[in-house]
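Me: I am new to this structure. Could you show it to me and let me ask how its labels are earned?

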Amino acid sequence: MKKIFALLMALIIAGSIFVSCLFIGNNLHHSCSGGNCSICMEIKQAEALISNTGLLLTALAAVISILFILVYKPVQKQTMLINRSLISLKVELLA
């Protein structure tokens with residue numbers, strides 16, 4: 001269920017970026033009515049969505065990297081120490 005939800009969220013984000021790019025491309029050379037042009041305001045919102053999503057993805061990648069360094073690496077070192085034994089090191093014990 002979590003994988004479906006994650007895939008759905010990724011599709012929604014990708015779709016919103018795609019639709020924003022299409023809107024900007026289609027309305028780039030519109031006939032502007034002046035200071036309170038609704039199309040210009042919508043273009044600014046679409047640009048903000050694209051730039052904020054890029055910033056969000058960068059922040060998410062940074063958080064995942066930090067968590068990997070802080071959590072996974074120490075656990076990996078502990079498991080490497082646990083996996084070492086006299087038998088795995090092929091130490092011969094003489095009685």
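**Labels and their reasons**

Reply: Happily! Thr 53 touches Ile 13 and Ile 17, leaving aside residues up to four places away in sequence; contact here means heavy atoms within 4.5 Å. This is a predicted model, where local features need pLDDT of at least 70 and side-chain atom pairs count only at pLDDT 80 or more, while totals for chains, interfaces and linings use all residues. Residues are numbered from 1 along each chain as its sequence is written, and side-chain values use heavy atoms, with hydrogens and water left out.

Me: Why is Thr 53 called buried?

Reply: Its relative accessible area is 9%, and buried means under 20%, exposed over 50%, and partly exposed in between (1.4 Å probe, protein chains only). Thr 53 is therefore buried.

Me: What makes Thr 53 and Leu 49 a polar contact?

Reply: A polar atom of the Thr 53 side chain lies 2.6 Å from the backbone oxygen of Leu 49. The term asks for a pair of N or O atoms within 3.5 Å; within protein, one must be able to donate a hydrogen and the other to accept it, and residues adjacent in sequence count only if both atoms are side-chain atoms. The value of 2.6 Å is within that limit, so the pair fits.

Me: Where is Thr 53 placed?

Reply: Thr 53 sits in helix α2, which covers residues 38-83 and also holds Tyr 72. Helices (H or I, at least four residues) and strands (E, at least two) are DSSP runs, numbered from the N terminus. The chain has two helices and zero strands.

Me: Why is Tyr 72 called partly exposed?

Reply: Its relative accessible area is 44%, which falls between the two cut-offs, so partly exposed is the right label.

Me: Which label suits Cys 21, buried or partly exposed?

Reply: Cys 21, found in helix α1 (residues 2-26), has a relative accessible area of 41%, so the label is partly exposed.

Me: How do you know that Cys 37 is in no disulfide?

Reply: A disulfide is a covalent bond between the sulfur atoms of two cysteines. The label needs a pair of cysteine sulfur atoms within 2.5 Å. A search of the whole structure finds zero disulfides. For Cys 37, the nearest cysteine sulfur, that of Cys 40, is 3.8 Å away, so the pair does not qualify.

Me: And why is Cys 37 called buried?

Reply: Cys 37 has a relative accessible area of 5%, so it is buried. Buried residues make up 7% of the 95 residues in the chain.
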